[in-house]
Amino acid sequence: MKVRAKETKRPLRMIVANWKMHPDSVSEAKALFLASKKEAMRRKNVQTIIAAPFVYLAELHTRAVGARVSPIMLGAQDVSGEKGGTHTGEISAEMLAGVGVSHVIVGHSERRARGENDDIVAQKVSAALKKGLVVILCIGETARDTSGNYLSIIETQLRIAFATVPKAILKSVIIAYEPVWAISGGDGRGQTATSDDVHEMVIFIRKILTSMYTRPSAERVPILYGGSVGGENALVLMQQGMIDGFLVGGASLKPHLFGAILTATNEK
Ligand code: PGA
């Protein structure tokens with residue numbers, strides 16, 4: 001049977017800028033957002049998502065023009081797994097959606113390192129999807145071993161995070177493969193995964209998703225790579241890693257580096 005192109009087509013390439021706990025002030029955040037937006041507007045094949053600290057989101061939304069159709073969309077770096085109530089310091093999916101956020105990073109390794117386990121990640125995935133947010137699920141092993149145990153870590157992370165996610169909602173999911181050992185300076189000076197490492201992992205992730213859902217639905221899920229992505233390694237990772245884009249940390253704080261990564265992603 002002929003597979004219709006539409007069934008396996010994934011959306012635009014994408015880049016998620018993970019600002020982490022930067023910058024220090026709202027005025028710097030506005031300036032960085034505008035500089036990033038300027039870079040993003042020039043690369044029409046790439047959907048750019050800026051994941052800024054919570055406190056800047058409402059302010060930045062007013063600068064994201066036309067939210068859902070713009071090449072710039074707004075993301076949060078975390079979300080509560082709770083709907084609302086007595087949870088001091090937590091931010092719900094509904095609150096995020098209410099200030100114009102469309103995407104949320106869930107399960108970043110820096111949150112997992114603070115005690116967030118796979119069950120908590122699953123709760124957050126579910127809470128975010130229920131409120132219509134697109135989830136960017138971060139998965140990744142802390143170290144590589146020669147016997148392939150790292151693959152079972154990835155499989156467990158995927159199976160638990162998506163245990164209650166129905167096939168119909170999978171279209172609101174993006175996966176960011178971020179090997180923890182490769183996350184560092186973000187300007188290409190740290191240890192990066194090779195394009196072969198990344199390609200192998202993309203195949204593995206799609207195999208697990210196919211076993212949980214169907215092949216066409218698994219094929220549609222965008223898979224990003226994150227970990228020390230810079231202008232000089234983005235193109236080869238993009239061309240040979242079989243990814244749909246990047247989750248960028250450090251380099252997303254420097255518009256010229258971010259622009260170079262956008263160019264590589266745009267030119268795949
Ligand atoms: P990095 O961060 O690009 O600075 O390595 C990536 C991430 O932690 O998401």
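Which backbone nitrogen does the side chain of Asn18 reach? I began with this in the predicted model, and I found that the side chain of Asn18 reaches the backbone nitrogen of Lys20, at 3.2 Å.

**Entry 1: around Asn18.** I looked up where Asn18 sits and noted that it belongs to strand β1, which spans residues 13–18. Its relative accessible area is 4%, and because that is under the 20% cut-off, I count Asn18 as buried. The side chain of Asn18 also makes a polar contact of 3.5 Å with the side chain of His108. Setting aside neighbours within four places in sequence, I listed the residues in contact with Asn18, among them Ala51, Gln77, Ile105, Leu247 and Gly249.

**Entry 2: the cavity.** I then searched for enclosed space and found one cavity of 30 Å³ or more, with a volume of about 90 Å³. It is lined by 14 residues, and those closest to its centre are Lys20, Ile183, Gly227, Ser228 and Gly249. Sorting the lining by class, I wrote down four nonpolar, eight polar and two charged residues.

**Entry 3: the nonpolar cores.** The largest nonpolar core has 68 residues, and I noted Val125, Leu158, Phe162, Ile205, Tyr225 and Phe246 as those with the most contacts inside it. Helix α8, residues 195–212, gives this core its largest share, seven residues. I followed Phe162 further and, leaving aside neighbours within four places in sequence, found it in contact with Val125, Leu137, Val173, Ile175, Leu209, Met212 and Tyr213. A second, separate core has 13 residues, including Met14, Ile49, Ala51 and Ile136; Ala51 is also one of the residues I had listed in contact with Asn18.

Note on methods
Residues numbered from 1 in each chain as written. Predicted model: local features only at pLDDT ≥ 70, side-chain atom pairs only at ≥ 80, totals over all residues. Heavy atoms only, no water. 1 Å grid on protein atoms, 1.4 Å probe; cavity = no way out; pocket = protein on both sides within 12 Å on 5 of 7 lines; lining within 4 Å. Points joined across faces, edges and corners; volume = space filled by probe spheres on them. Nonpolar A, V, L, I, M, F, W, Y, C, P; charged D, E, K, R; others polar. Helix = DSSP H or I, 4+ residues; strand = E, 2+ residues; numbered from the N terminus. Buried < 20%, exposed > 50% of the residue type's maximum accessible area, 1.4 Å probe, protein only. Polar contact = N/O pair within 3.5 Å; in protein donor to acceptor, adjacent residues only side chain to side chain. Contact = heavy atoms within 4.5 Å. Core = buried A, V, L, I, M, F, W, Y, C linked by side-chain atoms within 4.5 Å.
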